[in-house]
Amino acid sequence: MPAPIDLWYWPTPNGWKVTIALEEMELPYVLKPLNIGAGEQFTPDFQAISPNGRMPAIVDPDSGDGQPLSIFESGAILQYLGLKSGRFYSQDVRGRAEVDQWLFWQVGGLGPMAGQTHHFRQYAPAMIADQRQIAYAVRRYTDETHRLYGVMDRRLSDRDYLAGDYSIADMAAWPWILPAPQGQSFDEFPNLRAWYERVGARPAVQRGRAAGDELRRNLAAAGADAAAARKLLFGQRAR
């Protein structure tokens, strides 16, 4: 049995990508909760692992060369885990290219755009009294998320998974499909709905999604604690 991978984690879509992959690949791991609402991502020890000061990040003590290996950025972590396990990441050039395209589509498009949708629809209203100031941003990012849902719906019209076989690309995209908080409806995207339910029925996906669920906090809530967390998360500048 390989030594467990340390996973610096908080229960968000980017964190769920990695817990889902670890569960699917049956790789042992230890959760290292990193409370991003309390500023734990700014500690020197963590930034030595993740220079960007963001989770998730991993340290694999059993990387194959006798030395621990640290990796930050969820897409890079998923590629590494797929190669390490030999699962859910095609071994041939064409198959891997298919997976990589959709993995990078998620990390460069779906994640950032849906994340901005969450910010302006959920968190900004608790921070800005005049809602007219955020109306354009709400519309802009909600529309772009709608467009990206449409990309997935078309892609899934003639296949069960994004890259053909179930892969790390599906693990990356699935946690970011949250129609209600993103102002979307599955009624417009039947192929996406079927895919979402298909992936979500997998026991390993359910375990990965539930990891650390007791740590979650409602950052859109009223109160001093939520306001302090929003100020910390959404007011960052170079240090």
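Student: In which helix is histidine 118 found?
Tutor: This is a predicted model, so every value here is computed from it. Look along the chain for residue 118. Histidine 118 is found in helix H4.

Student: Is histidine 118 buried or exposed?
Tutor: Its relative accessibility is 9%. Buried means under 20%. Histidine 118 therefore counts as buried.

Student: Which side chain makes a polar contact of 3.0 Å with that of histidine 118?
Tutor: Start with what histidine 118 touches beyond four places in sequence: Tyr123, Trp176, Leu178, Pro181 and Gln182. One of these residues, Gln182, also appears in the polar contact. At 3.0 Å, the side chain joined to that of histidine 118 belongs to glutamine 182.

Student: Now the sheet. What is the order of its 4 strands?
Tutor: The sheet is open, and its pairing is mixed. Its edge strands, each pairing on one side only, are E2 (29-33) and E4 (69-72). Neighbouring strands are turned by 20° against each other on average, direction ignored. The order is E2-E1-E3-E4.

Student: How many bridges join strand E1 to E2, and do these strands run parallel or antiparallel?
Tutor: Strand E1 covers residues 5-9. Isoleucine 5 stands opposite tyrosine 29 in E2, and leucine 7 has leucine 31 as its bridge partner there. The count is 5 bridges, and the strands run parallel.

Student: What is the hand of the β-α-β crossover from E1 to E2?
Tutor: E1 is mostly covered, with 4 of its 5 residues buried. From E1 the chain goes through H1 and on to E2. This crossover is right-handed.

Student: At about what angle does helix H1 run to E1?
Tutor: Helix H1 takes in residues 13-25. H1 lies across E1, E2 and strand E3 (57-60). Its angle to E1 is about 155°.

Student: In E3, what is the bridge partner of tryptophan 8?
Tutor: E1 and E3 are joined by 3 bridges. These two strands run antiparallel. The partner of tryptophan 8 in E3 is alanine 57.

Student: Which peptide bond is cis, with omega near 5°?
Tutor: Go to the loop between helix H2 (44-49) and E3, where proline 56 has its place. The cis bond leads into this proline. It runs from methionine 55 to proline 56.

Student: Is leucine 69 buried, partly exposed or exposed?
Tutor: Leucine 69 lies in strand E4. Beyond four places in sequence, leucine 69 touches Ile58, Val59, Asp60, Ser63 and Tyr80. Its relative accessible area is 32%, which means leucine 69 is partly exposed.

Student: What separates the C-alpha atoms of leucine 69 and isoleucine 49?
Tutor: Along the chain, these two residues are 20 residues apart. In space, their C-alpha atoms are separated by 9.4 Å.

Student: What phi does glutamate 73 have?
Tutor: Glutamate 73 lies in the loop between E4 and H3. At 41% relative accessibility, glutamate 73 counts as partly exposed. It is not a glycine, yet its phi is positive, at about 80°.

Student: How far apart are the end C-alpha atoms of helix H3?
Tutor: H3 has 12 residues, 74-85. At 1.5 Å a residue, they should span 16 Å. The model agrees, because the end atoms are 16 Å apart.

Student: Which residues of H3 are buried?
Tutor: The cover over the buried residues of H3 includes E1, H1, E3, E4, H4 and H6. The buried residues are Ser74, Gly75, Ile77, Leu78, Gln79, Tyr80, Leu81 and Gly82.

Student: Which residue just after H3 takes a positive phi of about 70°?
Tutor: Step off the end of H3 along the chain. The residue with that phi is glycine 86.

Student: Is phenylalanine 88 buried or exposed?
Tutor: Phenylalanine 88 has its place in the loop between H3 and H4. Its phi is positive, about 65°, although it is not a glycine. With a relative accessibility of 17%, phenylalanine 88 counts as buried.

Student: How far apart are the end C-alpha atoms of helix H5?
Tutor: H5 holds 21 residues, 135-155. Its buried residues include Ala137, Leu148 and Met152, and their cover includes H4, helix H6 (168-173) and helix H7 (190-200). At 1.5 Å a residue, H5 should span 30 Å. That agrees with the distance between its end atoms, 31 Å.

Key
Residues numbered from 1 in each chain as written. Heavy atoms only, no water. Pairing = 2+ DSSP bridges. Axes fitted to C-alpha atoms, helices over the stretch in contact; angles between N-to-C directions. Contact = heavy atoms within 4.5 Å. Expected span 1.5 Å × (residues − 1). Buried < 20%, exposed > 50% of the residue type's maximum accessible area, 1.4 Å probe, protein only. Polar contact = N/O pair within 3.5 Å; in protein donor to acceptor, adjacent residues only side chain to side chain. Right-handed = clockwise from strand over helix to strand, strands pointing away.
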